[in-house]
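Biologist: Here is the model I would like to go through. Can we start with the core and then take one sheet?

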Amino acid sequence: VQLQASGGGLVQTGGSLRLSCVASGRILRIHDMGWHRQAPGNQRELVASISSDGIIRYADSVLGRFTIARDDAKKTSYLQMNGLKPEDKAVYYCNADIRTNWGSHRRNFWGQGTQVTVSS
């Protein structure tokens, strides 16, 4: 199983970006999907997550500005980021809890990260 994140880039304060994360490989079912970020010198933190039932959580710092969504048919999660601020600058990582076959437990997989830079 691989997760491929894309969509990062350089934007000005107040701008928008849309991140995508595509899962591929032997996948029976995708459970929770999420986005995390890590800025230099900081720990990785949860930005948003969405369960297979559509339950969504956001970090307080992005509430009202970011929107997470998923398309199970495409095995893809999205993070729409609006109103970007310089403090949103970080490497953004996607992850997903995936069950690969019958009889196996679900495992957590991570994408490679995509850089988001916000200029002031």
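What follows is a short exchange on the core, one sheet and one loop residue.

Modeller: This is a predicted model, in which local features need pLDDT of at least 70, side-chain atom pairs count only at pLDDT 80 or more, and totals for chains, interfaces and linings use all residues. Residues are numbered from 1 along each chain as its sequence is written, and side-chain values use heavy atoms, with hydrogens and water left out.

Biologist: Which strand supplies the largest share of the largest nonpolar core?

Modeller: A nonpolar core is a set of buried Ala, Val, Leu, Ile, Met, Phe, Trp, Tyr and Cys residues joined through side-chain atoms within 4.5 Å. Buried means under 20% relative accessible area, exposed over 50%, partly exposed in between, with a 1.4 Å probe and protein chains only. This core has 30 residues, and W35, L79, M81 and Y92 touch the most other members. The largest share, 5 residues, comes from strand 9 (strands are DSSP E runs of at least two residues, numbered from the N terminus).

Biologist: Which strands stand at the edges of the open sheet?

Modeller: Its 4 strands run in the order 1-3-8-7, with antiparallel pairing (at least two DSSP bridges between two strands). Each edge strand has a single partner, so one side is left without a neighbour in the sheet. The edges are strand 1 and strand 7.

Biologist: Is K75 buried, partly exposed or exposed?

Modeller: K75 lies in the loop between strand 7 and strand 8. Its phi is near 55 degrees, a positive value in a residue other than glycine. At 31% relative accessibility, K75 counts as partly exposed.
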